Amino acid sequence: MKLFVLHFVLTIIVSVFSYDSSKYSGYKVYQVTPKSLYEAYILKEFEHDEHFDFWTEIRSINLPVDIMVSPLAQNNFEAIMKSANIDYFVNIDDVEASLQNEENTSGRSIVTRGSVTFSDFMRHDDINAYLEQLAQDYPQIVSIESIGISFEGRDLLLVRISSGGSNKPTIYVQAAIHAREWIAPPVALYIINQLVENPDNVNLYEDVDWVVIPVVNPDGYEYTHTTERFWRKTRSTGTICYGIDGNRNFDALWGTVGASSWQCDITYRGHKAFSEVETQAVRDYILEHKDDIKLFLDVHSFGRWLLYPYGYSDDEPDDVEELRTLGRLFNDAIHSVRGLNYTVLSFASGLYYASGTSVDWAKDIGIELAYTIELPSGGTGFDPPSSDIEPVVEETWEGFKAFHSYIVDKFVTN
Ligand SMILES: [Zn+2]
């Protein structure tokens, strides 16, 4: 109990000093491995503290947790870890220094307007300009649609790639509902780029349509470029804090487990399900097309996980064997590129309990095949060097092609 009192008092002391959250100089990332439920409970005490940003969640004992800690709280944190005899080490000594590998974190991506690059992280308006250009250049196969306007007024662009006709089996991919997961938009853009601009891939949209939303949360995404690199939520205005966690805002046992009711937490679920214009836009599109959508993919980082429902409970879907089988096909295809693997598990057993996730909602409304993809970590986690983009997008593309083959086999009858 003394530990908690100490933590509480020190938290109050450090909280009176404001700090510039846009700079990560002196921030460290600790890797902590709780060895007992008691130790996990002590770690949990830090979850609501603004000086602590959990990059990976507390899952179960003996699994490491990555926590970014502000300079003001490090002494306090280390003292508590030592006195409670909890194993930890400093994984990143200076987050700001590690960010230097990510080029143009606050500048513009170097890309000709209307084109795409996989050697740098693109800004949102450059991404949209590329999609608009493709729709202009390839009107027979590419159509774009604004499915809504973000809280701050950005177009939520969706691109559909189709050889024509209607009601074809559709693969739906969305990325960057979590703003800081920068490797997700390039993976989504590479799908579009390969389908549209690589003639070798014509057969991949012959019988199957692809629908891709490269950036579901553009306000948060832009905020990570301009102001706070590790922002996760949307940017809607609360009474005290900004934003909600889009992947806790869907109507899938919303507001039950693994989602905070406190607006300043990074997993804040919102005041009701679908409180955000961004999640409403996704919901409305999917509900309108759910009979065609045969595969739902929500792209995140990081961890090399392929997660099937559910996040909200330990229950397994009736078709769990099929979800696992297809998951293995995805992994085998990726493994063939450079020998790396994904772990295929349910959301709750792979990551942690979470309610209000899009993948559970997709499953609940009847889209049988639904996954959350946690892409590889880069650099130290959320900050892959731009030189990592190409190997990651190329590797993941092989996984998407395996998904496509399965959808053709299962749903296309000739
Ligand atoms: Zn995420």
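Under the criterion that a disulfide is a pair of cysteine sulfur atoms within 2.5 Å, the count comes to 1 disulfide. The structure is a predicted model, in which local features need pLDDT of at least 70 and side-chain atom pairs count only at pLDDT 80 or more, whereas totals for chains, interfaces and linings use all residues. Residues are numbered from 1 along each chain as its sequence is written, and side-chain values use heavy atoms, with hydrogens and water left out.

The disulfide is formed by Cys-241 and Cys-264, whose sulfur atoms are 2.0 Å apart, and the link is right-handed, with 90° about the S-S bond. Both Cys-241 and Cys-264 lie in the loop between H7 and H8, so the pair ties together parts that are 23 residues apart in sequence; helices (H or I, at least four residues) and strands (E, at least two) are DSSP runs, numbered from the N terminus. Cys-264 is partly exposed, with a relative accessible area of 27%, where buried means under 20% relative accessible area, exposed over 50% and partly exposed in between (1.4 Å probe, protein chains only). Tyr-242, located in the loop between helix H7 (218-226) and helix H8 (277-289), is likewise partly exposed, at 40%. Beyond its neighbours within four places in sequence, Tyr-242 is in contact (heavy atoms within 4.5 Å) with residues including Trp-231, Arg-235 and Gln-263. Phe-274, also in the loop between H7 and H8, counts as buried at 7% relative accessibility and has a positive phi near 55°.

The zinc ion is coordinated at 2.1 to 2.5 Å by His-178 (ND1), Glu-181 (OE), Glu-181 (OE) and His-300 (ND1). Donors are here N, O and S atoms within 2.8 Å of the metal (3.2 Å for Na, K and Ca), and sites may look incomplete because water is not among the atoms. Along the chain, the donors follow the spacing H-x2-E-x118-H, and both His-178 and Glu-181 are buried. The angles among the 4 donor atoms run from 56 to 141°, and the site is irregular; four donors would count as tetrahedral if all angles lay between 85 and 135 degrees, and four as square planar or six as octahedral if opposite donors were over 155 degrees apart and all others between 65 and 115, anything else being irregular.

The largest nonpolar core (buried Ala, Val, Leu, Ile, Met, Phe, Trp, Tyr and Cys residues joined through side-chain atoms within 4.5 Å) has 62 residues, of which Trp-210, Ile-373, Phe-400 and Phe-403 touch the most other members. Helix H6 (residues 184-197) supplies the largest share of this core, 9 residues. Apart from this core lies another, of 31 residues, among them Tyr-285, Ile-293, Phe-296 and Ile-367. Outside four places in sequence, the contacts of Trp-210 include Ile-191, Leu-195, Trp-397 and Phe-400.

Several backbone features complete the description. Most residues other than glycine have a negative phi, and most peptide bonds are trans. Ala-176, in the loop between strand S7 (170-175) and H6, is not a glycine yet has a positive phi of about 60°, and Ala-176 is buried, with a relative accessible area of 0%. A cis peptide bond joins Ser-301 and Phe-302, with omega about 15°, and Phe-302 is found in the loop between strand S9 (293-301) and strand S10 (305-308). The peptide bond from Pro-309 to Tyr-310 is also cis, with omega near 10°.
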